[in-house]
Amino acid sequence: MEPVVAVILPAGGVGLRSGLDVPKQFLVVEGFPLLFYTLRSVSQCKLVGSVIIGVAEESIDQCRQWTQAWVEQGLLSPALKAIEIVCGGSTRHDTIRACVGHVTAKAVDTHPDVLIVHDAVRPFVDTKILTDVATTAMKHGAAGAVLPLISTVIKPDADGLLESSLVRSDYRASQTPQAFQTSILASAYESITDAELQHGTEVLQLVLTHTATRAKLVDCQPNVWKVTTPEDVEFFKFKLKQSQL
């Protein structure tokens, strides 16, 4: 039996590293904000029944207008039953916590089996990795997409001298999507500390710390890359035009 899946898109960041005048998830390219392309990709996965988007308070009305228009224009998969806009917090964890709370505040029999957390600025996520992490989370409690490390990670000391290096093949680069059984993710966010809320970003680690659930790591393709820097923005525009040919 296939799991019932909802996707959380945290989209409350300000995008300082992108060098843009607007948060990068709202950067308009070819007539649509970057958020649209991510939402469109997510909606193609037949397991996904609903999407919860966490945004800053001042962006709520705009996002509701956008998503309503996209649905009415038939730009998203008709399999997507609901898109809900939630007021996020000041940090990534705070926004995800608000979205999880929005889901779990409803009657228990309406809760999805699995919640997928996916960055709103990873627009080219594909159906296969969404399905893979969702079904894997049903078995293991949690699952996360990973890629091999490309560069070796080294640690400098206080004087800028080499102190140590990691064996690259022993590590992976964490990506999204990440998937969790709803009760496990809710439990982790109920236990989150103030320090984790302010400084943490890795949901897999949060779940391990507070629920002892060891996520199964799922290999993915590089198309899950995240739009972060000005160079990423330009590459996104290039890839989008390439996909339209």
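How many strands form the open sheet, and in what order? In this predicted model, seven strands line up as 5-4-1-6-10-7-11, with mixed pairing. The edges belong to strand 5 (82-87) and strand 11 (216-219), each of which pairs on one side only. From one strand to the next, the twist averages 25 degrees. As background, strands of a sheet pair through backbone hydrogen bonds, either parallel or antiparallel.

**Around strand 10**

Let's start with strand 10 (residues 172-181). Strand 10 is mostly covered, with seven of its ten residues buried. Strand 6 (residues 114-117) pairs with strand 10 in the antiparallel sense, over four bridges. One pair to look for there is V114, whose bridge partner in strand 10 is Q181. Strand 7 also runs antiparallel to strand 10, and six bridges join these two. Here you can pick out L147, which has A173 as its bridge partner in strand 10.

Strand 10 has a backbone oddity too. P177 sits in this strand, and the peptide bond leading from T176 to P177 is cis, with omega near 20 degrees.

**Helix 2 on the sheet**

Over by strand 5, helix 2 (residues 60-72) packs on the sheet, touching strand 4 (48-55) and strand 5. The direction of helix 2 makes about 175 degrees with that of strand 5. The loop between helix 2 and strand 5 is the place of K81. K81 counts as exposed because its relative accessible area, 73%, is over the 50% cut-off. If you want a distance to check, the C-alpha atoms of K81 and G12 are separated by 23 Å, and the two residues are 69 apart along the chain.

**Helix 7 and its neighbours**

Which residues of helix 7 are buried? They are V203, L204, L206 and V207. These residues lie on the same side of helix 7, because they cover an arc of only 160 degrees around the axis. In general, an α-helix has 3.6 residues a turn, so residues three or four places apart point the same way. The cover over the buried residues of helix 7 includes helix 3 (92-104), helix 6 (194-199) and helix 5, along with strand 7 (142-148), strand 10 and strand 11.

Helix 5 deserves a closer look. The axes of helix 5 (residues 182-190) and helix 7 (residues 203-211) come within 9 Å and cross at roughly 80 degrees. That angle makes helix 5 roughly perpendicular to helix 7. On the helix 5 side, the contact involves I184, L185, S187, A188 and Y189; they meet V203, L206, V207, H210 and T211 of helix 7. Sorted by type, the residues of this contact are seven nonpolar, three polar and no charged.

**Two positive phi values**

Most residues other than glycine have a negative phi, and most peptide bonds are trans. Two residues here go the other way on phi: E30 and A212. Their loops and accessibilities are set out below.

| Residue | Phi | Loop | Relative accessible area |
|---|---|---|---|
| E30 | about 55 degrees | between strand 2 (28-29) and strand 3 (32-33) | 45%, partly exposed |
| A212 | near 60 degrees | between helix 7 and strand 11 | 60%, exposed |

Is A212 buried or exposed? A212 is exposed, because its 60% relative accessible area is over the 50% cut-off. E30, at 45%, counts as partly exposed.

Terms used: Residues are numbered from 1 along each chain as its sequence is written. This is a predicted model: local features need pLDDT of at least 70, side-chain atom pairs count only at pLDDT 80 or more; totals for chains, interfaces and linings use all residues. Side-chain values use heavy atoms; hydrogens and water are left out. Axes are lines fitted to C-alpha atoms, for helices over the stretch in contact, and angles run from 0 to 180 degrees between N-to-C directions. Angles under 35 degrees count as roughly parallel, over 145 as roughly antiparallel, 65 to 115 as roughly perpendicular and the rest as oblique. Contact means heavy atoms within 4.5 Å. Ala, Val, Leu, Ile, Met, Phe, Trp, Tyr, Cys and Pro count as nonpolar, Asp, Glu, Lys and Arg as charged, and the others, Gly among them, as polar. Two strands pair if DSSP finds at least two bridges between them. Buried means under 20% relative accessible area, exposed over 50%, partly exposed in between (1.4 Å probe, protein chains only). The arc is that of the directions from the helix axis to the C-beta atoms.
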